[in-house]
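Please open the model in your viewer, with the sequence panel beside it, and keep a selection tool ready. The stops below go from single positions to packed helices and paired strands.

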Amino acid sequence: MRNQKSEIITLSRRPFGDRDRLITALGKYTGRMSLLAKGAQKPGSRLAGMSEPFVYAKVMIAAPKNISVIASADVLESFSGMKASLEGVDAAYHISRLAERISQPGQPSEGLFLNLLSCLYILESGADPETVTRYFELRLCAWAGCPVNHTRCACGRPLKEAFWSREAGFFTCRACAGSGDGLVFPAALFSYVRALEKCPENRVRFLSFPSEALADLKALFSEHMLYHLELRQPASFLEAPEK
Ligand SMILES: [Zn+2]
C-alpha cells in the first residue's frame, strides 16, 4: 500500500477510543477527509498539536484497511495569533463549518481550500473577524457557481434598488419583484458587496465597514447560501443559546 501525500486544513476533531482522534479535514485536492491520528490524545503525542482544529499541515496518509491513518505530519501553520482572540476563533469556526458542510469526500476542492486557507491567514493578520467571514462567504458563493448579482436583474435591467427576492434567490428590479417575499436593503449595500469582491487578500485587514453594513451583508449571504447551496449559517459559540 503506497502512502499518499496531502496538504490539509483540519476542521474539527473528536476522540476515537481512549488514545486516538478522528479528524475531519479539507484536503487541497481531495475534498473532505476523515483521518485517524493515532495516539493524539496522549500527552506529548507528536500528533496532538496537528490534530487541533484550524491547522494547515502537510501529511502522509496510509490506508492499511478502509480507514485513512496519518503516518506523519508537518505543521505548516497553526494560526496561534488568531487563536488568541475569541472572535478570531469564532470566525475560523464559522468558515470551517461552512467548508465542512459544502465539501464532499473525493470532490475537487482546490478553490475552496485556498479560500479557507487565505481567510485563516487574513484572520491571523489581525483583520476584523466579521469582515473576513463575509469575505469568505462571498468567495464561497462564487466558487460554488452562484455569485451574488449586484448590477443587473435577470431581465437585463440595471438594479437601482437592493430588493433580494426569496422567490428568485437574487436581487431583482422592481418590475420583476412583483409582490413577492424578500428583503429590502439600502442601495449602498451594492457598494459594500463590490468592495468585498474587489479587495485583494492582502488588503482585507484595511477594510472597515459600518456595523449596519456588516449586519446587512450577513443577512444577504445567509439567504443566498440557504437558497442556492442549502447552507445554514453556523451558530456562533459566542452567543448565548436561545431560551
Ligand atoms: Zn427584472
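A residue counts here as buried if 20 or more other C-beta atoms lie within 10 Å of its own, as exposed if 12 or fewer do, and as partly exposed in between. Leu226, which has 14 other C-beta atoms within 10 Å, is therefore partly exposed. Please keep in mind throughout that this is a predicted model.

**Stop 1: the whole chain**

Show the complete cartoon before selecting anything smaller. The secondary structure of the protein comes to 7 helices and 8 strands, and the C-alpha trace spans about 60 × 40 × 35 Å along its principal axes. Of the 243 residues in the protein, 35% are buried. If you consider the contacts with a separation of 6 or more, 55% of them are between residues 24 or more positions apart.

**Stop 2: Leu226 and its surroundings**

Select Leu226, whose place is in helix 7. Once residues up to four places away in sequence are set aside, Leu226 touches Leu231 and Arg232. Now add Gly169 to the selection and draw a distance between the two C-alpha atoms: Gly169 and Leu226 are 57 residues apart along the chain, and their C-alpha atoms are separated by 9.2 Å.

**Stop 3: the end of helix 7 and the sheet it crosses**

Move along to Glu230, which lies in the segment after helix 7 (211–229). Glu230 has a positive phi of about 55°, although it is not a glycine. Is Glu230 buried or exposed? Glu230 counts as exposed, because it has 9 C-beta neighbours inside 10 Å.

Next, select helix 7 together with strand 6 and strand 8; helix 7 lies across these two strands and runs at about 155° to strand 8. The strands belong to an open sheet of 3 strands in the order 7-6-8, with antiparallel pairing. Its edge strands are strand 7 (171–172) and strand 8 (182–185), each of which pairs on one side only. Strand 6 (residues 162–165) pairs with strand 8 in the antiparallel sense over 4 bridges, and to see one of the partnerships you can select Ala162, whose bridge partner in strand 8 is Phe185.

**Stop 4: strands 1, 4 and 5**

Turn to another set of paired strands by selecting strand 1 (residues 4–16) and strand 4 (residues 56–62), which pair in the antiparallel sense over 6 bridges. Gln4 is a convenient residue to highlight, since its bridge partner in strand 4 is Ile61. Then add strand 5 (68–77), which pairs with strand 4 in the antiparallel sense over 7 bridges. Within that pairing, Met60 has Ser72 of strand 5 as its bridge partner, and a hairpin of 5 residues joins strand 4 to strand 5. When you display side chains here, it may help to recall that in a regular strand they alternate between the two faces of the sheet.

**Stop 5: Phe79**

Follow the chain onward to Phe79, in the loop between strand 5 (68–77) and helix 1 (80–83). Phe79 has a positive phi of about 55° although it is not a glycine. Phe79 is buried, because 20 other C-beta atoms lie within 10 Å.

**Stop 6: helix 2 with its two partners**

Select helix 2 (residues 86–102) and helix 4 (residues 129–143), whose axes come within 9 Å and cross at roughly 15°. The two helices are therefore roughly parallel to each other, and helix 2 passes helix 4 in a right-handed crossing. To display the contact, show Glu87, Gly88, Asp90, Ala91, His94, Ile95, Leu98 and Ile102 in helix 2, which meet Pro129, Val132, Thr133, Phe136 and Leu140 in helix 4. The residues of this contact divide into 8 nonpolar, 3 polar and 2 charged.

Finally, keep helix 2 selected and replace its partner with helix 3 (residues 110–124): the axes of helix 2 and helix 3 come within 10 Å and cross at roughly 180°. That makes helix 2 roughly antiparallel to helix 3. Here the contact is made by Gly88, Ala91, Ala92, Ile95, Ser96, Ala99 and Ile102 of helix 2 and by Leu112, Leu116, Cys119, Leu120 and Leu123 of helix 3. The residues of this contact divide into 10 nonpolar, 2 polar and no charged.

Key:
Residues are numbered from 1 along each chain as its sequence is written. This is a predicted model: local features need pLDDT of at least 70, side-chain atom pairs count only at pLDDT 80 or more; totals for chains, interfaces and linings use all residues. Axes are lines fitted to C-alpha atoms, for helices over the stretch in contact, and angles run from 0 to 180 degrees between N-to-C directions. Angles under 35 degrees count as roughly parallel, over 145 as roughly antiparallel, 65 to 115 as roughly perpendicular and the rest as oblique. A crossing is left-handed if the near helix is turned anticlockwise from the far one by less than a right angle, and right-handed if clockwise. Two residues are in contact if their C-beta atoms, placed from the backbone, lie within 7 Å. Ala, Val, Leu, Ile, Met, Phe, Trp, Tyr, Cys and Pro count as nonpolar, Asp, Glu, Lys and Arg as charged, and the others, Gly among them, as polar. Two strands pair if DSSP finds at least two bridges between them.
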